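Work through the following exercises with the sequence and the coordinates open side by side. Each exercise consists of a task sentence and a solution that proceeds step by step.

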Amino acid sequence: MPRFANYLAAGMQARGHHVEQWTTSPFIYKFAFHNSLKKWFGYIDQYLLFPYTIKKRLKACSSDTLLVLTDQALGPWLPTLAKKPHVVHCHDFLAQHSALGRIPENPTSWTGRVYQAFIRRGYTQGKHFISVSQTTQENLHAFLSTPPTTSAVVYNGLNPIFAPHSQEEARALWSQATSLQLTAGYLLHVGGNQWYKNRIGCIELYNAWRSQESHNLPLLLVGEPPSEAILRQYESSAFKKDIHFLSGFDDDMIRLAYAGATVFLFPSLAEGFGWPIAEAMAAGCLVVTTQEAPMTEVGGTASFYIPRRPSDQLATEWAAAAAETIQQVVALTPVQRQKAVDAGLKNAQRFSAAAALDAIEAIYKQCLQPQHV
């Protein structure tokens, strides 16, 4: 979210607007004498002390000031701002659904349920919302008791660094950076350890594909170091010598990873938007992802789709069937592959950073009109 906030701030400043970013200061947090207290002391700073700072700053704001919450998870602050011109950016409601017991893969503790209810009581007082996908917008409307004054969808804008690159050169550079032999190609996943990213499912897909086919292309899992559960899945793989966890790479190297990949695997269980799908396509990479929104919303007709991973009891059958789709992509002829790459590049053009900021600016201005305040 800090990255998204900086993206908005820079974009609005470039369009001639004065921008201030208000964030909490670690006052009570500094007195947490045990790690277990840091989260709770941080909540005191955020939700008990910071509202007083907001009220003080609001007195100095001019009438043409728009207050922007960059994430609906900042909802607890909204009651302090609700009578002023405001807009709330909505990214995903996965934590909200989990807290209500709607996502069995992500059970929520009692304190987590209380916290999510606290967030929900806040953002539902909002009048103006911008969602990153139609899926997120639909989730928002399901949580609101009355229709909002403004509810728009603006797709995330891609960093322009994500663009095509020579596949051969990209593989050579990644081979050099990792000391792996990647010149023949590789399967790629980019993401963290969050439950919905389904890194375990990536390994299951790879195991099934390797078991069915004669190929020995490696699997690169780029992102944060694996969790214990993911490591257990890795250790049980008959192909673990060809599975590699890679961390600490910047956006330019990630772009090259996409450009050099034979196929990008993104079997996500759920998303608010699905950045990596658009990033991969913009870099000229073919995508295999889950046939559910918003992955289908972002991938359009340019992705290759597989079903959502089911419960553990049926995961083996799921992986075996989905591996056939992976092989379909790997086995494309050069002509077929180029056609699919071109479709992905065209699809990625929908996610222009400049166009997204222009659309957001227009909504901001609308929310400042007297009839909308």
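**Exercise 1: a network of charges**

R210, K241 and D242 are linked in a network of salt bridges, in a model that is predicted. Task: characterise the contact between D242 and K241, and decide for each partner whether the residue is buried or exposed.

Solution. Begin with the general principle that side chains of opposite charge can pair when their charged atoms come close. In the pair at hand, the side chains of D242 and K241 meet with an N to O distance of 3.3 Å, which falls within the 4 Å allowed for a salt bridge. Next, turn to accessibility: D242 has a relative accessible area of 13% and is therefore buried, because the cut-off for that class is under 20%. K241, with 66%, is exposed, since that class begins over 50%.

**Exercise 2: a bridge across the sequence**

Task: among the ten salt bridges of the structure, examine the one between E105 and R308, and state which parts of the chain the pair ties together.

Solution. First, the distance: the closest N and O atoms of E105 and R308 are 2.8 Å apart. Second, the location: E105 sits in the loop between α4 and α5, whereas R308 belongs to the loop between β10 (304-306) and α13 (315-330), so the pair ties together parts that lie 203 residues apart in sequence. Third, the exposure: E105 is partly exposed at 34% relative accessibility, and R308 is likewise partly exposed, at 23%.

**Exercise 3: two pockets**

Task: describe the largest pocket and the second largest pocket by volume, lining and residue class.

Solution. Start with the largest pocket, which holds about 1500 Å³ of space and is lined by 45 residues, with M1, R3, Q194, K197 and W275 nearest its centre. Helices that each supply at least two residues of this lining include α1 (2-14), α5 (110-123) and α11 (275-282). By class, the lining of the largest pocket comprises 23 nonpolar, 13 polar and nine charged residues.

Continue with the second largest pocket, whose volume is about 1200 Å³; of the 36 residues lining the second largest pocket, V19, E20, Q21, L66 and V68 are the closest to its centre. The largest share of its lining, five residues, comes from α1, while α2 (35-58), β1 (67-69) and α15 (353-367) are among the other elements that each supply at least two. Sorted by class, the lining of the second largest pocket has 21 nonpolar, nine polar and six charged residues.

How values were computed: Residues are numbered from 1 along each chain as its sequence is written. This is a predicted model: local features need pLDDT of at least 70, side-chain atom pairs count only at pLDDT 80 or more; totals for chains, interfaces and linings use all residues. Side-chain values use heavy atoms; hydrogens and water are left out. On a 1 Å grid over the protein atoms alone, a cavity is a set of points where a 1.4 Å probe fits but cannot get out, and a pocket is an open set with protein on both sides within 12 Å along at least five of seven lines; lining residues have an atom within 4 Å of a point. Grid points are joined across faces, edges and corners, and a volume is the space filled by probe spheres set on the points. Helices (H or I, at least four residues) and strands (E, at least two) are DSSP runs, numbered from the N terminus. Ala, Val, Leu, Ile, Met, Phe, Trp, Tyr, Cys and Pro count as nonpolar, Asp, Glu, Lys and Arg as charged, and the others, Gly among them, as polar. Buried means under 20% relative accessible area, exposed over 50%, partly exposed in between (1.4 Å probe, protein chains only).
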